[in-house]
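Reader: Hey, can you walk me through this one? I'm new to reading structures.

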Number of protein chains: 2
Amino acid sequence: MSLNFCFIGAGNLAVQLSKAFQSKGFGISQIYSRTEQSAKYLAEKLSTKYTTSATEIDKTADIYFVAIKDSAIDEVLKQIHFNNKLLVHCSGSLPLSAMEKYSENFGVFYPLQTFSRVHDINFSEIPVFVEANSKKNEKILIEIASQISGSVHVLDSDKRKTLHISAVFACNFVNYFYTIAADILKSKEIPFDVLKPLILETTKKIQEIVPEEAQTGPAIRFDKKIIDEHLKELETSPEYQQLYMSISKSIFDRYNK
Amino acid sequence: MSLNFCFIGAGNLAVQLSKAFQSKGFGISQIYSRTEQSAKYLAEKLSTKYTTSATEIDKTADIYFVAIKDSAIDEVLKQIHFNNKLLVHCSGSLPLSAMEKYSENFGVFYPLQTFSRVHDINFSEIPVFVEANSKKNEKILIEIASQISGSVHVLDSDKRKTLHISAVFACNFVNYFYTIAADILKSKEIPFDVLKPLILETTKKIQEIVPEEAQTGPAIRFDKKIIDEHLKELETSPEYQQLYMSISKSIFDRYNK
């Protein structure tokens, strides 16, 4: 397949996805971003063109990948004529139907991963979830996804939303708790590094056993003395104290139903 | 050092720690547990003796490791005469002073890790935090710890408690979020396996950058539309809905101070 892609958006996801496509021989004909700095950064990485003007978006691309935040999509897309080319969004939350007013050919291409600009990613192990308005477009997206990932799935919009919610817990909230842990350690000048082996092991464990069976700690034992001491210690951080309390309670309830 | 250890407790921590000591040539003279099945299981693993009676605990051991839950420690230890041998607890939360009424020589030996019976662990990378009633005993504990770990630290009781709280967030609560994610996926028959690459990457990221800078997701962007949709979807699990809401709010507050 010799296809040319245009990227609408130049954030973390666009950076990693466009680089993965280019490394597999796909053409990236243009990068669009409202932020010139981002557009330029990515275009230079890929040795391609960029624009900050929606009206100047490349008309010749075969597929348009929309990788901007959901709330900005309509504002940008309504300025563009896609001439019924295949238009694909990369959002976990947005339904397939969000694209139907902009083209007769549309789909979803959702790589389930957390992306950062700096930390490069091996796309081959990232699950990609696709959905399209027709079997023909679905087939195209499956073929493209299979070039960069060994884990390609067709998933409808409703299930994709559920998947996204689970990812918020397993990734976004988890990372926030790493931040809380770092904040707590900082208050006593203990380096965050000492937690890293524990964090790694917590993750490794659930590659082998289901997380439900891997649960340890004072909450599941309902060790009231420890929980109370921890809550007292957290008095100086009422927000963290509140989270500690509600999550401990939830763990206890979940395991004592 | 040719030392003999007696283990009071035969849970996950006792299993992993005693095995690590034995593999480095230390003698494990006896396992005590109130639960015969656990005592027997570990004693057989180590080809040593066991007892379920506190009065029959080996008088000849050089060091006694207490690895039972905090709330049970007093009940067990008050039945034993340690003849002022070195008595060490392995708890993150209990102060050093919790041992002083049982021996003139006492300390703390706290390996910061989550232990399971089934999943064996490479102790060499686990940070061990020690504390003792005297410089002499502290030196002994440092030497022993250094045999099994490359990361040995002296830490006082107050800071150890803080460390333990941070570990509850970074390990226990994190694992619980994996469980919630699995529960949510199950409701739509999506296999938990699809989340594993995301979970691994979330952990890998913070080996390189501080978690505060690794935060992504709808909460930090305060993408109200997505958050509201997720909350609506979670209506059937009010407990998870409540957690989703309070954590999202906390993330937003933390990043918009």
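Author: Sure, we'll look at how the two chains fit together and then at some helix pairs.

Reader: Before that, what kind of model is it, and how do the numbers work?
Author: It's a predicted model, where local features need pLDDT of at least 70, side-chain atom pairs count only at pLDDT 80 or more, and totals for chains, interfaces and linings use all residues. Residues are numbered from 1 along each chain as its sequence is written, chains are lettered from A and ligands numbered from 1 in the order in which they are written, and side-chain values use heavy atoms, with hydrogens and water left out.

Reader: Cool. How many residues does each chain put into the contact?
Author: Chain A gives 88 residues and chain B gives 88 residues, where contact means heavy atoms within 4.5 Å.

Reader: And what area is buried between them?
Author: About 8,700 Å², with carbon and sulfur atoms giving 66% of it. Buried area is the accessible area (1.4 Å probe) that two parts lose on being put together, summed over both.

Reader: Which three residues of chain B supply more of that than any other three?
Author: B:Phe169, B:Phe173 and B:Leu198, which supply 8% of the area that chain B buries against chain A.

Reader: Do the copies meet through the same surface or different ones?
Author: The same surface, because 100% of the interface residues of chain B are also interface residues in chain A.

Reader: What turn lays chain B on chain A?
Author: A turn of 180° with a shift of 0.0 Å along the axis, giving an RMSD of 0.0 Å. The copies are superposed by least squares on the C-alpha atoms of residues with pLDDT of at least 70 in both. That is how a two-fold axis relates things. In chain B, the C-alpha nearest the axis belongs to B:Val174, 2.7 Å from it.

Reader: OK, helices now. How do you describe two packed ones?
Author: By the angle between their axes and the distance between the axes. Axes are lines fitted to C-alpha atoms, for helices over the stretch in contact, and angles run from 0 to 180 degrees between N-to-C directions. Helices themselves are DSSP runs (H or I, at least four residues), numbered from the N terminus.

Reader: So how do H6(A) and H5(B) pack?
Author: Helix H6 (residues 196-208) of chain A and helix H5 (residues 157-186) of chain B pack at about 20°, their axes 9 Å apart. H6(A) and H5(B) are therefore roughly parallel, a label for angles under 35 degrees.

Reader: Which residues meet there?
Author: On H6(A) they are A:Leu198, A:Ile199, A:Thr202, A:Thr203 and A:Ile206, and on H5(B) they are B:Ala167, B:Ala170, B:Cys171, B:Val174, B:Asn175 and B:Tyr178.

Reader: What about H10 in chain A and H10 in chain B?
Author: Those two helices (residues 238-255 in each chain) pack at about 160°, with axes 11 Å apart. H10(A) and H10(B) are therefore roughly antiparallel, meaning an angle over 145 degrees. Among the contact residues are A:Tyr240, A:Leu243, B:Tyr240 and B:Leu243.

Reader: And inside chain B, what angle do H5(B) and H10(B) make?
Author: About 125°, with axes 12 Å apart. H5(B) and H10(B) are therefore oblique to each other. Here H5(B) uses B:Tyr176, B:Phe177, B:Ile180, B:Asp183 and B:Ile184, while H10(B) uses B:Tyr240, B:Leu243 and B:Ile247.

Technical notes: Parallel < 35°, antiparallel > 145°, perpendicular 65-115°, else oblique.
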